[in-house]
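Thank you all for coming; I would like to use these few minutes to walk through the interior of one model, from its packing to its empty spaces.

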Amino acid sequence: TPYAVKCGGSAKALIALKATDNRVGSSIASPIPTYSYGLGTTAQGKKIGSYLVLTRNTVVDGKAGLPITSIDNGKTWYRGSSEYLGPAPATLATWHTGSYGPIPVNTVSGTLEVRPTINKTSELDLNSQVSLDGHATLELRYL
């Protein structure tokens, strides 16, 4: 799914994305639990699965951008080797190669990729329909 953020006119701002898992507690064990979101539960209360959200092909003011992450509301930042966007308390911002903190931007765009993982069939009643019910909120934050 494509995404884009544009500040008004030619103004630049320090921004970040913050994600909230609205199905918290329903995520199954994942290879990357810090970045997993839940896919909800069945009528019997069984966890359906989890999913990861990645930012791909990020472009910041016309140049390739790479992610940085903060887990303390932007006080400190670290350069991750991945493009995973994790639920709170992680915050994601973008940076250019050579930058070590958030930079003021005018436009940011890219693609959000969702990678689901479904729970083991032994944990789910497959005699009835199982609806994936992932729900997350992305919040634009000004730093």
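I will take the nonpolar cores, then one buried residue, then the pocket and the cavities.

A word on the basis: this is a predicted model, where local features need pLDDT of at least 70 and side-chain atom pairs count only at pLDDT 80 or more, while totals for chains, interfaces and linings use all residues. Residues are numbered from 1 along each chain as its sequence is written, and side-chain values use heavy atoms, with hydrogens and water left out.

By a nonpolar core I mean a set of buried Ala, Val, Leu, Ile, Met, Phe, Trp, Tyr and Cys residues joined through side-chain atoms within 4.5 Å, where buried means under 20% relative accessible area with a 1.4 Å probe, protein chains only. The largest such core has 18 residues, and those with the most contacts inside it are Ile15, Tyr37, Tyr51, Val53, Leu85, Val105 and Val108. At least two core residues come from each of the strands S1 (2-6), S2 (15-21), S4 (49-60) and S9 (107-118), strands being DSSP runs of E, at least two residues long, numbered from the N terminus. S4 gives the largest share, three residues. Apart from this core lies another, of five residues, including Ala16, Ile68, Trp77 and Ala93.

Which residues does Thr91 touch, once its neighbours within four places in sequence are left aside? With contact taken as heavy atoms within 4.5 Å, they are Ala16, Leu17, Lys18, Ile68, Thr69, Ser70 and Trp77. Thr91 is found in strand S8 (residues 91-95), and it counts as buried because its relative accessibility is 3%.

Now to the empty space, on a 1 Å grid over the protein atoms alone: a cavity is a set of points where a 1.4 Å probe fits but cannot get out, a pocket is an open set with protein on both sides within 12 Å along at least five of seven lines, and lining residues have an atom within 4 Å of a point. Grid points are joined across faces, edges and corners, and a volume is the space filled by probe spheres set on the points.

The largest pocket has a volume of about 150 Å³, and its lining includes Tyr37, Tyr51, Val53 and Leu85.

There are two cavities of 30 Å³ or more. The largest cavity, of about 120 Å³, is lined by 13 residues, with Ile15, Leu17, Ala93, Thr94 and Val108 nearest its centre. The second largest holds about 30 Å³, and Thr91 is among its lining residues.

Methods: Buried < 20%, exposed > 50% of the residue type's maximum accessible area, 1.4 Å probe, protein only. Helix = DSSP H or I, 4+ residues; strand = E, 2+ residues; numbered from the N terminus.
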